[in-house]
Amino acid sequence: MNTILNAKIPSGALHEKWDNYKADAKLVNPNNKRKFKVIVVGTGLAGASAAATLAELGYQVDAFTFHDSARRAHSIAAQGGINAAKNYQGDGDSINRLFVDTIKGGDFRSRESNVHRLAQVSVDIIDQMVAQGVPFAREYGGMLDNRSFGGAQVSRTFYARGQTGQQLLLGAYQQLSRQIGLGGVRLFNRTELVDVVVVDGRCSGIVVRDLLTGEITSHAAHAVVMATGGYGNVYFLSTNAMNSNVTASWRAHRRGAMFANPCFTQIHPTCIPQSDESQSKLTLMSESLRNDGRVWVPKNADDVRPADQIPESERDYYLERLYPSYGNLAARDVSSRAAKRLVDKGHGVGPLKNGVNLDFSAAIARLGRDVVQERYGNLFQMYERIAGEDPYSTPMRIYPATHYTMGGLWVDYELATTIPGLYAAGEANFSDHGANRLGASALMQGLSDGYFVLPYTISNELAPLLNKTIPTTDHPAFVQAEAEAHERFSGYLNVKGTRSPDWFHRELGKIIWDYCGMERTQQGLEKALSELPALYGEFQKDLRVTGTGESVNQTLEKAGRVDDFFQLGMLMCRDALDREESCGAHFRSEYQTDEGEALRNDQDFCHVSAYNSTGDPMNPDLVEEPLVFETAQLATRSYK
Amino acid sequence: MRLINDLKLKVWRQDGPDAAGHFESHTVEKVSDEASFLEMLDQLNERLILENKEAIVFDHDCREGICGTCSLMINGQAHGPQRGSTTCQLHMRTFKSGDEIVIEPWRAKAFPIIKDLMVDRSSFDRIVEAGGFITAPTGGAPDANLILVPKPVADAAMDSAACIGCGACVAACPNGAASLFTGAKISHLNVLPQGQAERYKRVEAMVHAMDDQFGSCTNHGECSSACPKEISLDVIALMNSDFRKSKSKNRKALSRS
Amino acid sequence: MVKTQQAIAKVGKSRAPVTGTALSVRKKQSYIADIYSTAVGKKYAMAISGIALMGFVLFHMIGNLKMYLGAAEINSYAEFLKKLLYPLAPKGAVLWMLRGGLLAMLVLHLHAAWSLTVLNHQARPVKYQSPRDYEVANFASRTMRYSGMIVASFLTWHLLDLTFGVVNTVGAEGTFVRAEVYANIVRSLGRWPVAAFYILANLLLGIHLRHGAWSIFQSLGWNNPRFNAWRWTFATAFAAVVVVGNVSFPIAVLAGIVKV
């Protein structure tokens, strides 16, 4: 299949494009809106905000979540904050500056028009969330407080203690709840998407599985929104929630939605390292810790003395040594890779020698324990709870972990995937962060998509469909998709092999982390691509799922998700192998500067790699969407 | 890392909402003291699968204490013995070799058991749907700094808004009351200037929704003590006070006070 | 809108989606009935009737302290109570109104307590199957209904004993004469089982009062950081004063300090 990707970027100067789009977009009369049904899958920031807003407008909305409540989505775990170009601090911020910072942070691998719109609507998000009662941090005068974040020289991050994601999600959840209460939204909880149905090239609905009863049902609609999050759990160990998965996106991909930049996955430098083999997930510690903590490892790889017994002269403060001007605050990807190199060389600390020290003793000596406690008290407590060590007396041990995925379903300016009628929003799409996401921008994008973009672009799509019939759930395509889903789930139950889905997931994660993690090489990726199909073959032959498909069966749910992660993993490695350059979070060690920085190749790779499913993720069909930079100047990032 | 040996687990198993449940005994031979409580259950489940048995069903998701999905009554305490934390934040170092650990699901009429340790907490959502929001349709909001919120007010709202909706308050309450949950949501919105327009309508609707499903508060304080976010009993007082006013205020004169 | 939607939508075969949960309209009731129909409203009733009953036990105790001043003082105090607002109101009228009010408050207190107990039992139809480990719920808070019931049964005895005199002479010499309050008390509390019951009931009353007096603030929502720290102090002090005062009477009688 040879598709030409049309991003449908509106005409006009960059700052006029969104206004031009809205001026031209087709509208649906208020009385006609109720004739349209929109399905929203996922109820995180993007999904809940989209569902609530569409219902307020008058569309019939069916929302689906695999959680018990919309309030549980993983948006809730975001700590730091949300960016917006409000310039409340009068420090020189503007929409244009947020736009440029985001493009630069993404290492020039994102689409200018989408990013600029994101910067534009960022200011509306803050207004909206405050009106809904999000308790953002305030100054004593009652105005909103801001903090600064990595990759920006202005303070534009709004925050609610260390729980900004939680508070924003609760805001969106409350708005969604209001619509559920009023009957504008029908919520299907504990219901997971298992397939997307396409009839005559249009998305006609979805097939879902009731996680409580195993019942598989179909739902038809005029438009479907995927707000199903990222796929960081392909690594098994990540900071994602245990249930986050790629199934919804992947099923859409298999039905014809293109998957873009799958290899762009972000590693966060300050997570608590794995403590044993059986660990199930990693916990992120706010990056703000690096403001006062000093990162070091012992100079001697065999040094196993406790940290406080290693004299200053035998410590390697490697970030300060390698990046004197940014020091401990070097960019996420840069400091992550430095940590990995030293740990790989055997300099790691901790019982498993898998972390680096983040030492606060100098800060405590300089500022006093009280000041340190005031700044980081809750984080120290969180660390103490997980690691069982007191960071006031022993250095924290940290190590990078997978945290966010920039890649996702390919979408155009309207957030439409390559299947007409199917949209993707939030982390599930690829659109705004290029090869690397700036801190505090994920929340911004989710809410922007759900509140301020989709409601406009969906009406443009729906208007021409007025009074036209759409396929119902008894259409053969639905019937067949349901049958396939039945077959798929009974298939997992019937393998009756010897290994649990978790076992396979852990093995898959190891391969992806080793070869498609922080640092990638041609050799490694080729190795991964030879090992993955073998392991996947074993999965299909040797999987064991106990229990039945007729009541809650978390093992069965997991099997379906791991199946899709396998296929995605292959595509990721394919993509990483194909992209022969280093950019943002994608670091191919063959392509680096003399100083070990990412070496971009704008000549050959200034494009989005979008993949069409061929049914075989080892051999996908690659389509390139060239990226044109008219406003932002292509430049090299430097953190020296 | 230290190993903890020979844990005697008594886990509640129940096939479905209407089935009769029972305690099932398992021995966990060894587990790392670094493991979280849920990872210990993961390991037990791995073993059950290898033994061709059905894994124990329990709710969990973020495993960092913020999503509110995990639950469990551990040795008679909601979220286990560690104060101010969720089950997923509880680590095995809290226990010692040979300990007996009894694990039960939350129990309340409003939290029917779905299977094993998993319960249905959507009764909480009903309370929020009734009024736990500020009506602010997308698009019409004024500039964020037009609404001044004094810092102590924002802090108080945040203290209440920290609720993760896990249900430990109901589980721990001898009466199965949801006053702490409802009070927290009401306090969050009712102290903010943005929440004033719907203040009394909100508290009235939410208290009625709560009343239809849960027991009543008798001021034991178990809820606050079990709360992973240590939400104060003051939120219940605020709810009680605002509910009283909601019944007596002349709503046509609300903007005069 | 909801109806249209349900008509269009194919209703799920088994588990229906959640929608329209806030659309039901509550039936209109009168102000008092509306409040009292909720658990929060019943807690108001508990608190308000509790305040009335607290006022009674406090003044009852203070009045009884008169017995330390001798028979004439306490007997004339009883006479004073009968003459409240006299001659504006007939003799005894105000006292009976107060008694009626107190009885109403007591009935209200009992009814609210009983309905809340039923509600709370229904809220957890299946109990925990393993022992609970309570963290802060204390003896007082968990035994309110038992301490309350014992105090109520004591109250019945107490009325039969010292107001109606039916049991005043049982096991004791002499005759009950209503106006001779002092003699009645000495005769009654001179019997050690009666004194023991009296002391026990008052200790339970103290425990009941301490939790109850604190709960009033919570239930009525009287909450302010300025005085929150004092709520427990008030509750403890109030309970202590009432208990010390009341328990002193039987001890004084048994010790012979108060005698005929």
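Two strands count as paired if DSSP finds at least two bridges between them. Keep that in mind as we look around this predicted model.

**A small sheet in chain A**

Going by that rule, three strands of chain A make an open sheet, lined up in the order E6-E7-E8, and their pairing is antiparallel. E6 and E8 of chain A stand at the edges with a single partner strand each, so one side of each has no neighbour in the sheet. On average, neighbouring strands here are turned by 25° against each other, if you ignore direction.

Here's where the strands sit along the chain:

| Strand | Residues |
|---|---|
| E6 (chain A) | 191-199 |
| E7 (chain A) | 202-210 |
| E8 (chain A) | 216-220 |

How many bridges link E6(A) and E7(A)? Eight, in the antiparallel sense. One residue pair to look up is Val197(A), whose bridge partner in E7(A) is Gly205(A).

The sheet has a helix for company, too. Helix H13 of chain A, residues 476-495, lies across E6, E7 and E8 of chain A and runs at about 140° to E6(A).

**Where chain A meets chain B**

Now for the other chain: 62 residues of chain A are in contact with 67 residues of chain B. On chain A's side, helices H3 (45-57), H5 (112-131), H6 (164-182) and H16 (554-578) each supply at least two of the touching residues. Which helix gives the most? That's H6(A), with nine residues. Sort chain A's side by residue type and you get 20 nonpolar, 28 polar and 14 charged residues.

Notes: Residues numbered from 1 in each chain as written. Chains lettered and ligands numbered in written order. Predicted model: local features only at pLDDT ≥ 70, side-chain atom pairs only at ≥ 80, totals over all residues. Helix = DSSP H or I, 4+ residues; strand = E, 2+ residues; numbered from the N terminus. Axes fitted to C-alpha atoms, helices over the stretch in contact; angles between N-to-C directions. Contact = placed C-beta atoms within 7 Å. Nonpolar A, V, L, I, M, F, W, Y, C, P; charged D, E, K, R; others polar.
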